[in-house]
Amino acid sequence: MVESQTFSGQHRPPHSPSESVIRLIDVTKSFGEVDVLKGISFDVSTDSSAVIMGGSGSGKSVLIRSIVKLVTIDSGEVWIRGERVDVLDGHDLDRVRLGIGFLFQGGALFDSMTIAENMDFILHRHSDLDFADRRLRVEEILSWVDIVDKIDQYPSELSGGQKKRAALARALVLEPEIMIYDEPTTGLDPVSVRTVSELIVRLRDEQNITSLTITHDLECARIIADKVHFLYDGRILESGTLHELQRSGLPELRNFFGTSRF
Ligand SMILES: Nc1ncnc2c1ncn2[C@@H]1O[C@H](COP(=O)(O)OP(=O)(O)OP(=O)(O)O)[C@@H](O)[C@H]1O
Ligand SMILES: [Mg+2]
């Protein structure tokens, strides 16, 4: 168990290895007649990188949005670091959300703001830092994701991979202990897929950030996943390492992974 440092040099207290950071118990969610989540239970343990895979429309985004109550679940329980979140509201919910960095599908940055402004906007609102210290934090994080030279540019001036890294930097600006990524590598070339995936691994290893990632990308899953949960028909059909899931005899998994067995 290694004590880690945040970007601003603060020490993160080490966690017990058995601690569950995210825990879902029998979560259900329907939209009208459509039962999207039919009883989802799983744990993400501390300092690990868990991945959710599953077909398009299987409920992956709904599932991870329900973790931070962007979707209100119908039944079940959501726990984050020993605190039940699905029953929280107001300030308590805000406090929990501020400890979680969320990289949304599509990763939208504000086009009318520079990369620095995109990040400072959050820091200004949620920290006591003065402008100089905020700028320092922004520079540190952009250096870490290796795009500090883009600090005063607009999103439209960045490549797809650089935009993803900028969106990642923005999600990291409040130094979260948990990161949730919805398709972090979609639309990227193979080199950028590797770069972004390796950043996710470094966040786990160097900053003790626990993560939950949705991805369709086998290369991304291969690099980042300690454990994969396969979502099918509203349930977790199988959990294990990527290798175990790829070797599963279940027809749904064989169908999903096709013939690739790398
Ligand atoms: N706000 C909503 N209102 C009604 N239906 C919704 C809502 N959000 C999601 N759904 C439905 O829930 C199902 C699951 O959607 P979700 O976005 O979670 O899929 P997904 O697994 O993330 O797919 P993809 O891989 O394409 O991103 C879909 O049938 C979708 O239409
Ligand atoms: Mg989705």
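Biologist: How many residues of domain 1 are in contact with residues of domain 2 in this predicted model?

Modeller: The size of an interface is often given as the accessible area lost when the parts come together. Here we can count contacts instead: ten residues of domain 1 meet nine residues of domain 2.

Biologist: And where do the two domains sit along the chain?

Modeller: Domain 1 comes in two pieces, 19–99 + 177–257, and domain 2 covers 111–175, going by the domain assignment. Taken over C-alpha atoms, their centres are 25 Å apart.

Biologist: Which helix gives the most to the side of domain 1 that touches domain 2?

Modeller: That's helix α6, residues 190–207, with four residues. Sort that side of domain 1 by class and you get six nonpolar, three polar and one charged residues.

Biologist: Okay, next topic. How should I read the largest nonpolar core, and which residues have the most contacts inside it?

Modeller: The general idea first: in soluble globular proteins, nonpolar side chains tend to be buried together. In this model the largest such core has 61 residues, and Val51, Leu168, Ala169, Ile180, Ala221 and Val228 have the most contacts inside it. Helix α5, residues 160–172, gives the most to the core, with six residues.

Biologist: Why does this core lie between domain 1 and domain 2?

Modeller: Because both domains give residues to it. Take Leu168 as a sample: leaving out residues up to four places away in sequence, Leu168 touches Leu103, Val145, Val196 and Leu199.

Biologist: Now the sheet. In what order do its strands run?

Modeller: For an open sheet, read across it from one edge to the other. This one has four strands, ordered β4-β3-β6-β7, with antiparallel pairing. β4 (34–45) and β7 (83–84) are the edge strands, each pairing on one side only.

Biologist: What joins β6 to β7?

Modeller: Two bridges, with β6 (residues 75–80) and β7 running antiparallel. If you want a spot to click on, Trp79 stands opposite Arg84 in β7.

Biologist: Last one: which residues are around ligand 1?

Modeller: Read a shell by who's in it, then by which elements supply it. Around ligand 1 you'll find Phe31, Val34, Val36, Gly54, Ser56, Gly57, Ser58, Gly59, Lys60, Ser61, Val62 and Gln105. Both β4 and α1 (60–67) supply at least two residues of that shell, and α1 gives the most, with three.

Biologist: How does the shell around ligand 1 divide into nonpolar, polar and charged?

Modeller: Four nonpolar, seven polar and one charged.

Key:
Residues numbered from 1 in each chain as written. Chains lettered and ligands numbered in written order. Predicted model: local features only at pLDDT ≥ 70, side-chain atom pairs only at ≥ 80, totals over all residues. Pairing = 2+ DSSP bridges. Domains from an automatic or database assignment. Contact = placed C-beta atoms within 7 Å. Nonpolar A, V, L, I, M, F, W, Y, C, P; charged D, E, K, R; others polar. Core = buried A, V, L, I, M, F, W, Y, C linked by C-beta atoms within 7 Å. Buried ≥ 20, exposed ≤ 12 C-beta atoms within 10 Å, placed from the backbone. Near = placed C-beta within 6 Å.
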